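This report describes how selected residues are placed and what surrounds them. Please keep the sequence and the structure in view while reading.

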Amino acid sequence: MQALFAVLQPLFKKIGDIFDLFDLSFLVAGGSSLLAILYVGGMLDLRQHMPQGDGGVAWFFLSLIMVTVWGLMSFAVGPLFKRVFSWLPILRRAPWDGTTFDLYLRDALAGHGLGEHPLVGDYLGRPKAEYRLYVRLWAEVREADEVADSFELLRRFWVLTASYDALATSGLFWAAAFILGAVRPELSPIDQPMSAAAAGLSIFFALCAAHEASRSRSNQVEELAATFAYLVHRRDNPTPAAPPLPGL
């Protein structure tokens, strides 16, 4: 059985690499953004249809690539969207509470008594070193086998942040599509009041997604600080070795 597992392990790794390439956190938002574009294309009567036969297979793979591309673009635009609209109450009341990332990271580390830790103090003694300290903490957690579960939890928070950032952008794409329908009701498959209401809901959902992205990012920072604090405690207080069994 172990020999079979050793043979199959590289195959499982390759399959995992494929899923990492087409990350679902980007596929969902990318698919939503692409549907918004197709919705506009339908209103403008561009008459783009999926071809049949072998052409249909090529179109399917091209669509998969386009969904991934739009997902990555949505993720890239999401943080910019939050910065532009950070003055809105729904975003100002996010867990960051108007605090910059640098101050939030410092506060999280100080809350666990790590403000005077040699590693933390060495980094924070340099100008504008908070982000580099953040990356170093990720490296510390990643390389420590005893906190593997915490590292997976941190990765989930990162994926949630990326997903919500991308969904916020997708909501803006849908808002733009519905606004076009409200401005040009003769093109829209739904009437003008419905288009206006759908545009408003899309903007509201985009703001909610941006808020959740900020909340997931703050949870990520808190978990990273707590995990590093646990590592420091384990290193300063190593578990004593178990006494040998009698007679051995």
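## A pair of neighbouring rings

Is F204 buried, partly exposed or exposed? The model examined here is a predicted one, and in it F204 has a relative accessible area of 44%. This value makes F204 partly exposed, because the class lies between the limit for buried, under 20%, and the limit for exposed, over 50%. F205 has a relative accessibility of 52% and therefore counts as exposed.

## Aromatic pairs

Seven aromatic pairs are found when the whole structure is searched. One of them joins Y131 and Y134: the ring centres are 6.0 Å apart and the planes meet at 35°, so this pair is tilted. Both residues belong to helix α7, where a spacing of three residues places them about one helical turn apart. Their exposure can be stated separately: Y131, at 52% relative accessibility, counts as exposed, whereas Y134, at 7%, counts as buried. The rings of F204 and F205 form a tilted pair too, with centres 5.9 Å apart and planes at 50°.

Y131 and Y134 are also part of a cluster, in which ring pairs link them with W138 and F151. An aromatic ring can have a charged group over it as well: the charged end of R126 sits over the ring of Y123, at 4.7 Å from the ring centre.

## The nonpolar cores

Which residues touch the most other members of the largest nonpolar core? They are L105, L109 and L133, in a core of 26 residues. The elements that contribute two or more residues to this core are α5, α6 (118-124), α7 (130-142), α8 (148-183) and α9. Helix α9 provides the largest share, namely seven residues. A second core, separate from this one, has eight residues, among them Y39, W174, F178 and A198.

The surroundings of L105 can be listed in detail. Leaving aside residues up to four places away in sequence, L105 touches E130, L133, Y134, L137 and V221. One of these contacts, Y134, is the buried tyrosine described above.

## A buried serine

Where is S74 found, and is its position buried or exposed? S74 is in helix α3, which covers residues 54-84, and its relative accessible area of 1% means that it is buried. The side chain of S74 makes a polar contact with the side chain of S33, at 3.0 Å. When residues up to four places away in sequence are not counted, S74 touches A29, S33, D165, A166, T169 and F173. S33 thus appears both in the polar contact and in the list of contacts.

## Residues apart in sequence

Two pairs of residues show how separation along the chain can be set beside separation in space. L207 lies in helix α9, which spans residues 192-236, and is buried, with a relative accessible area of 13%. L207 and L167 are 40 residues apart in sequence, and their C-alpha atoms are 9.7 Å apart.

The other pair starts from D107, a residue of helix α5 (residues 101-111). D107 counts as exposed because its relative accessibility is 56%. Along the chain, D107 and A225 are 118 residues apart, and the separation of their C-alpha atoms is 9.7 Å.

Technical notes:
Residues are numbered from 1 along each chain as its sequence is written. This is a predicted model: local features need pLDDT of at least 70, side-chain atom pairs count only at pLDDT 80 or more; totals for chains, interfaces and linings use all residues. Side-chain values use heavy atoms; hydrogens and water are left out. Helices (H or I, at least four residues) and strands (E, at least two) are DSSP runs, numbered from the N terminus. Buried means under 20% relative accessible area, exposed over 50%, partly exposed in between (1.4 Å probe, protein chains only). A nonpolar core is a set of buried Ala, Val, Leu, Ile, Met, Phe, Trp, Tyr and Cys residues joined through side-chain atoms within 4.5 Å. Contact means heavy atoms within 4.5 Å. Rings of Phe, Tyr and Trp (its six-membered ring) pair if their centres lie within 6.5 Å; planes under 30 degrees apart count as stacked, over 60 as edge-to-face and the rest as tilted. A charge sits over a ring if NZ of Lys or CZ of Arg is within 6 Å of the ring centre and within 35 degrees of the ring normal. A polar contact is a pair of N or O atoms within 3.5 Å; within protein, one must be able to donate a hydrogen and the other to accept it, and residues adjacent in sequence count only if both atoms are side-chain atoms.
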